Amino acid sequence: MSESTLSPAYADLRADIGWLLGYTRTSGSWSADQILDIEDCLLSGLRQFFFPPAPFAGYRWNFFRPITTLTTSAPYSTGTVTVVDGVVTLASGTFPTWAAAGVFVYSNNVYEINTRDSGTQITLVDLPLDVSAGASYEVNQQDYDLDDDFGYVNGDLTYAPELSWPPIKPTNDSDIRRMRQLSSQTDRPLWYAVRPKAATLTTGQRFEMLFYPTPDEALRITFPYQPLPGKLTSTNIYTYGGMQHGETLLESCLAIAEQRMNDVAGLHTQKFMERLSASVEVDKRLLPPNMGYNGDRSDRSRATWERAPSSGYATYGGALYTG
């Protein structure tokens, strides 16, 4: 499918920013410093459009929620193991590549895996563990790295249609860890949490998803998410939003340019806020006209309570209560 010819592309945005800054519209006439100025305004303009200021701070664009799929890993238990001082050696098998993100289960006890040293060796966090040769075991994956452009979950986590299971319920990572302490149960996940991973200077911030119970098979889980898009380039010329938000995106970039050029919020800042209001109204049309029955369940004799399996925690109306 082709993008609308009315959508602002990378070159169009750069030309308009260059003209406002007094550099002309011709990219071949720009100096290296002028190109840096234009690119800086473009990057800030994109960020301002995707994550708008007050009074629309926190607004979640409906066009900005693509679907992604996560496939869980089935437990691995091929072969037998020997454990010496927390170093697990596998016979007649190959540890899966995701083993470092998993847990080692032996005699109903769960041990965190520190590293996958090779296809036949892993090292546990709990180094004092020793197990004689020929022991049965299982390696389970509880936590899953999310896409590099993941920002946050923007809708329900659902299973494949043929499974007919309800969506996985959100909670926080603290409750997931508490439930895991109470039980090492493996089953289809009922709860999930998103947790930030430690940021590094080379890779930036990333996120992972935790499940409880631990998945007991390979399951395809689908959900919409808020992406963290990359910058526009000469090859990646369009971004999210499309033609109907083109003027808002342009005014966002020009508002940044005028603020940096004049140190004031002028005409384009005003125009951006006007266009932003219009874009929000247009974006809301992507929602269904009727979200369904909005009842208070007053016709029920009493509220329904649910208990998370083997966790000791209860939920009411989808919220987790720890007592």
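A nonpolar core, as the term is used here, is a set of buried Ala, Val, Leu, Ile, Met, Phe, Trp, Tyr and Cys residues joined through side-chain atoms within 4.5 Å. With that in hand, the biggest one in this predicted model is a good place to start. The largest nonpolar core has 29 residues, and Ile-17, Leu-21, Leu-42 and Trp-61 are the ones with the most contacts inside it. Helices α1, α2, α4 (246–262) and α5 are the elements that each give two or more residues to this core. The top contributor is α4, with 7 residues. Apart from this core lies another, of 18 residues, with Tyr-76, Val-83, Ile-113 and Leu-124 among them.

**The chain as a whole**

Some bulk numbers for context. The protein chain has 5 helices and 20 strands. Of its 323 residues, 41% are buried. Take the contacts between residues at least 6 apart in sequence: 68% of them join residues at least 24 apart. On the outside, the chain exposes about 17,800 Å², and carbon and sulfur atoms supply 50% of that.

**Trp-61 and the rings around it**

Back to Trp-61, one of the best-connected members of the largest core. Its relative accessibility is 0%, so Trp-61 counts as buried. Skipping neighbours within four places in sequence, Trp-61 is in contact with Phe-49, Phe-50, Pro-52, Asn-154, His-245, Leu-276, Ser-279, Val-280 and Asp-283.

Aromatic rings turn up a lot around here. Ring pairs link Phe-49, Phe-50, Phe-51, Tyr-59, Trp-61, Phe-63, Phe-64 and Tyr-240 into a cluster. Across the whole structure, the search finds 17 aromatic pairs. How are the rings of Phe-49 and Phe-63 arranged? Their centres are 6.1 Å apart and their planes are at 15°, so this pair is stacked; the cut-off for stacking is under 30 degrees. Phe-49 belongs to helix α2 (residues 32–50), while Phe-63 is in the loop between α2 and β1 (67–71), so the pair ties together parts that are 14 residues apart in sequence. Both Phe-49 and Phe-63 are buried. Tyr-59 and Trp-61, on the other hand, pair edge-to-face, at 5.3 Å centre to centre with 85° between the planes.

There's a charge-over-ring arrangement to look at too: the charged end of Arg-188 sits over the ring of Trp-165, 4.9 Å from its centre.

**Salt bridges**

The search of the whole structure turns up 11 salt bridges. Here are three of them.

| Pair | Closest N to O distance |
|---|---|
| Asp-143 and Arg-180 | 2.9 Å |
| Arg-195 and Asp-143 | 3.5 Å |
| Lys-284 and Glu-281 | 3.5 Å |

Which elements does the bridge between Asp-143 and Arg-180 tie together? Asp-143 lies in strand β9 (residues 143–145) and Arg-180 in helix α3 (residues 173–182), so parts that are 37 residues apart in sequence are joined. Are these two charged residues buried or exposed? Asp-143 has 14% relative accessibility and therefore counts as buried. Arg-180, at 17%, counts as buried as well.

Asp-143 also pairs with Arg-195. Since Arg-195 is in strand β14 (residues 191–196) and Asp-143 in strand β9, this bridge ties together parts that are 52 residues apart in sequence. Both Arg-195 and Asp-143 are buried.

The bridge between Lys-284 and Glu-281 stays inside one element: both residues lie in helix α5 (residues 267–284), 3 residues apart, about one turn of the helix. Lys-284 has 39% relative accessibility and so counts as partly exposed. Glu-281 is at 43%, so that one counts as partly exposed too. As for bridges that share partners, they join Asp-143, Arg-180, Arg-195 and Glu-208 into one network.

**Arg-14 in helix α1**

One last residue to click on is Arg-14, found in helix α1 (residues 10–20). With 14% relative accessibility, Arg-14 counts as buried, the cut-off being under 20%. Leaving out residues up to four places away in sequence, Arg-14 touches Ser-27, Trp-30, Ile-35, Ile-38, Glu-39 and Leu-42. Leu-42 should ring a bell, as it is among the residues with the most contacts inside the largest nonpolar core. There's a long-range relationship here as well: Arg-14 and Cys-253 are 239 residues apart in sequence, yet 9.1 Å apart in space, C-alpha to C-alpha.

Key:
Residues are numbered from 1 along each chain as its sequence is written. This is a predicted model: local features need pLDDT of at least 70, side-chain atom pairs count only at pLDDT 80 or more; totals for chains, interfaces and linings use all residues. Side-chain values use heavy atoms; hydrogens and water are left out. Rings of Phe, Tyr and Trp (its six-membered ring) pair if their centres lie within 6.5 Å; planes under 30 degrees apart count as stacked, over 60 as edge-to-face and the rest as tilted. Helices (H or I, at least four residues) and strands (E, at least two) are DSSP runs, numbered from the N terminus. Buried means under 20% relative accessible area, exposed over 50%, partly exposed in between (1.4 Å probe, protein chains only). A charge sits over a ring if NZ of Lys or CZ of Arg is within 6 Å of the ring centre and within 35 degrees of the ring normal. Contact means heavy atoms within 4.5 Å. Accessible areas come from the Shrake-Rupley method with a 1.4 Å probe; for residues, only the protein chains shown count as cover. A salt bridge is a side-chain nitrogen of Lys or Arg within 4 Å of a carboxyl oxygen of Asp or Glu.
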